[in-house]
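Reader: I am new to reading structures, and I would like to understand how the words used for one are justified. Could you take me through the reasoning step by step?

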Amino acid sequence: MFRLPPTLIGPVFAAIAVTLFTLNDVVMKFLSGDYALHEIVLIRSIVGLGVVLALMAPLSGGWHLLRTRHPGLHLMRAGCVVFANMMFFLGLAAMPLADAVALFFVSPFLITIFSVIFLKETVGARRWSAIGVGLCGVLIVLRPGTTAFQVASLYPVAAAFGYAGLHIMTRYMRETENAVSLTFYIQVTFLVVTVALGLTIGDGKFADQSDPSLAFLFRAWVWPDAADLPLMLLLGVFASVGGYFVSQAYRLGEAALVAPFEYLALPLSILWGILVFGDWPDAVAWMGISLIAGSGLYTVWREHQIGKTARPKRMA
């Protein structure tokens with residue numbers, strides 16, 4: 001039976017997860033003009049939960065893997081995921097896919113900052129400089145103070161905060177929790193949140209919105225079209241399988257080897273944006289995307305270098 005070398009498991013799993021997540025983004029953006037966000041995510045969560053219970057748990061060793069002694073930590077981690085997803089999808093409804101993904105990649109800088117605050121890690125001048133360059137890239141993509149600026153572009157940035165929180169929680173929990181339980185409790189939380197949203201705003205009483213993001217959030221629930229229902233079902237597969245693979249990537253692989261592969265999302269989102277939506281990034285967007293990607297990859301590389309020669313109180 002073919003087995004990946006241990007050093008390749010994390011990167012390969014991360015690449016699979018990123019590909020599935022970007023396809024998830026494409027389908028979500030495609031459906032955002034006709035359905036309510038929470039309706040789509042509810043269907044996605046039902047399917048995702050079914051995949052976890054019917055396939056992942058049995059194939060990984062059994063349903064006992066769903067048991068946990070840390071439900072509160074799972075709730076906090078899942079809350080970060082729900083917030084990150086909902087914010088990001090709201091941004092997708094109003095802006096090009098590549099721009100939204102690029103802005104979302106402020107998350108590595110936030111992860112570094114959070115690691116200093118919550119994990120008491122030490123960060124030196126080089127990584128702080130990389131963070132500064134990356135944030136300049138974010139400002140270039142946002143274009144504040146110009147007519148090109150839109151409020152929706154802040155949603156992916158907000159999503160990055162949730163994603164950074166997810167990573168900090170995953171680092172904290174990876175020694176005691178397995179990938180199946182990490183995926184399961186995320187899907188359960190999505191289910192609870194979307195049902196609650198459906199019961200409160202799913203009747204469309206606030207649906208009269210001119211902003212694409214708010215229209216996506218407050219639109220009334222409708223029965224999915226026969227051609228769209230398979231796409232919604234695919235979302236559940238993409239989300240659950242992608243979530244499983246990214247959890248396994250960081251559990252089984254070295255973070256410094258895994259993290260750079262998340263940047264596959266940038267070229268993939270540009271490709272999908274061009275092929276599916278006809279969105280070509282302009283020169284300003286290319287500049288901002290390049291700064292974000294370059295500084296983010298440098299931050300990951302530098303963390304790896306520091307990790308290999310770590311000493312107490314070492315400054316980068």
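Author: Let us begin with a term: a cavity is a set of grid points where a 1.4 Å probe fits but cannot get out. This is a predicted model, and the structure holds two cavities of 30 Å³ or more, of which the largest has a volume of about 660 Å³.

Reader: Which residues lie closest to the centre of the largest cavity?

Author: Of the 31 residues that line the largest cavity, those closest to its centre are Phe21, Asn85, Phe104, Tyr163 and Leu166. Two or more lining residues come from each of α1, α3, α4, α7, α8 and α10, and the largest share, six residues, is that of α3.

Reader: What classes of residue make up the lining of the largest cavity?

Author: Sorted by class, this lining has 18 nonpolar, nine polar and four charged residues.

Reader: Why are α2 and α10 called oblique to each other?

Author: The axes of α2, which covers residues 37-60, and α10 come within 7 Å and cross at roughly 50°. Angles under 35 degrees count as roughly parallel and 65 to 115 as roughly perpendicular, and the crossing angle of roughly 50° belongs to neither range, so α2 and α10 are oblique to each other. Their crossing is right-handed.

Reader: Which residues make the contact between α2 and α10?

Author: Among them are Ile40, Ile43, Arg44 and Val47 of α2, together with Met232, Leu233, Leu235 and Gly236 of α10. By class, the contact of α2 with α10 has 13 nonpolar, four polar and one charged residues.

Methods
Residues are numbered from 1 along each chain as its sequence is written. This is a predicted model: local features need pLDDT of at least 70, side-chain atom pairs count only at pLDDT 80 or more; totals for chains, interfaces and linings use all residues. Side-chain values use heavy atoms; hydrogens and water are left out. On a 1 Å grid over the protein atoms alone, a cavity is a set of points where a 1.4 Å probe fits but cannot get out, and a pocket is an open set with protein on both sides within 12 Å along at least five of seven lines; lining residues have an atom within 4 Å of a point. Grid points are joined across faces, edges and corners, and a volume is the space filled by probe spheres set on the points. Helices (H or I, at least four residues) and strands (E, at least two) are DSSP runs, numbered from the N terminus. Ala, Val, Leu, Ile, Met, Phe, Trp, Tyr, Cys and Pro count as nonpolar, Asp, Glu, Lys and Arg as charged, and the others, Gly among them, as polar. Axes are lines fitted to C-alpha atoms, for helices over the stretch in contact, and angles run from 0 to 180 degrees between N-to-C directions. Angles under 35 degrees count as roughly parallel, over 145 as roughly antiparallel, 65 to 115 as roughly perpendicular and the rest as oblique. A crossing is left-handed if the near helix is turned anticlockwise from the far one by less than a right angle, and right-handed if clockwise. Contact means heavy atoms within 4.5 Å.
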